[in-house]
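Student: I would like a close look at one part of this model, namely its paired charged side chains. Please take me through them slowly, in one connected answer.

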Amino acid sequence: MLGFFLIIGACVLWAIDTLIRYPLMQGGVDSFAIVFYEHLILSIIFLVVFFKYLPKLNRTKPVHILLFLFIGGVGSALSTLTFTQAFNYLNPSLVILLQKFQPVVAISLAHFVLKERIKKEFILWAIVCLTGALIISYQDIYNLIQSDERLSEMLIRPGAILGLLLVFFSVFGWGASTVFGKKLVQLGYQDEQIMAGRFLTGFLCLIPFIPFHHDLFTHTVDVYGKVSLMVFVSGLLAMYLYYHGLRKVSARACSIAELFFPFMAVIVNWLVLDATLSFQQLLGGAVLLMGSLVIQIKHY
């Protein structure tokens, strides 16, 4: 149960992160710049860990390096960018709803990569959890239904295919990163090693995109200060809780716990921004919590 609550704690911190991230983007700061600054600062911080384990680097197998490249380059850096870019091509409500199916990717890969046994009971309660997550996002479903543009029209308009590819890339990247992160835990890597590898490889994968973004290092001190705060909240503290929790639970159970992020974002907005907390969101949170607790208690 401790691992489950550690991941929930990470979700709370990710939710708090949105209070800083989205206002920055709405203020005109490019999403690439935010992600780049985060990985740059985190890479500098974790250089200490990297040099500490440098003598052991020559004993690292190529497949391990590929795992780090995936959780860092694909999961941490590129998936964040592609998910953000998808909003430019698709209805935002559709993007958010498609992202909810990330656990399907993680659970499937957990079975094939980690050989985790997926019981029928787990599938049943995972569906319950997914239903809860969809209820939490009822407003996005409502907006999609009430839209003047039919779903079929959304999928054939210019750029829709690219938008879908971007969403699916991010969903696969995040789901697979959970599984490959668990694999690195099983291979004996410590939390700080996994975090160091994640952020360093993520930073390296962002470097080729620098020539296409001319506004880097042109922002105000206020922007850098807010990004630094995000680094502490969602980069250091949240990821430490996440990997410490992942060490204690299965990858499939972790993917279910990650569904709490949107609910925690709703709670944080309610507490901090005085946003409305609806009955449907509370019901969805209760359903999600019930299903998750059953999975944890029964060890499905």
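In which helix do D17 and R21 lie, and how many residues apart are they?

Tutor: D17 and R21 both lie in helix α1 (residues 2-26), 4 residues apart, which puts about one helical turn between them; helices here are DSSP runs of H or I with at least four residues, as strands are runs of E with at least two, numbered from the N terminus. An α-helix has 3.6 residues a turn, so residues three or four places apart point the same way. Before going further, note that this is a predicted model, in which local features need pLDDT of at least 70 and side-chain atom pairs count only at pLDDT 80 or more, whereas totals for chains, interfaces and linings use all residues. Residues are numbered from 1 along each chain as its sequence is written, and side-chain values use heavy atoms, with hydrogens and water left out.

The D17 and R21 side chains meet in a salt bridge, 2.8 Å from N to O, a term that requires a side-chain nitrogen of Lys or Arg within 4 Å of a carboxyl oxygen of Asp or Glu. Both residues are buried, meaning under 20% relative accessible area, where exposed means over 50% and partly exposed lies in between (1.4 Å probe, protein chains only). The pair also belongs to a network of salt bridges that links D17, R21 and E38, and the structure holds 5 salt bridges.

Two further pairs join distant stretches of sequence. R252 and E116 meet in a salt bridge of 3.1 Å, N to O; R252 lies in helix α12 (residues 251-257) and E116 in the loop between α5 (102-113) and α6 (120-136), so this pair ties together parts 136 residues apart in sequence. R252 is buried at 11% relative accessible area, and E116 is buried at 10%.

R247 forms a salt bridge with D191, with the closest N and O atoms 2.7 Å apart, and this contact links the loop between α11 (221-246) and α12 to helix α10 (residues 191-206), 56 residues away. Here R247 counts as partly exposed at 28% relative accessibility, whereas D191, at 6%, counts as buried.

Returning to the surroundings of E116, the buried residues of α5, including V105, I107 and L109, pack against α4 (92-99), α6, α9 (160-186) and α12, contact being heavy atoms within 4.5 Å. Just after α5, K115 takes a positive phi of about 60°.
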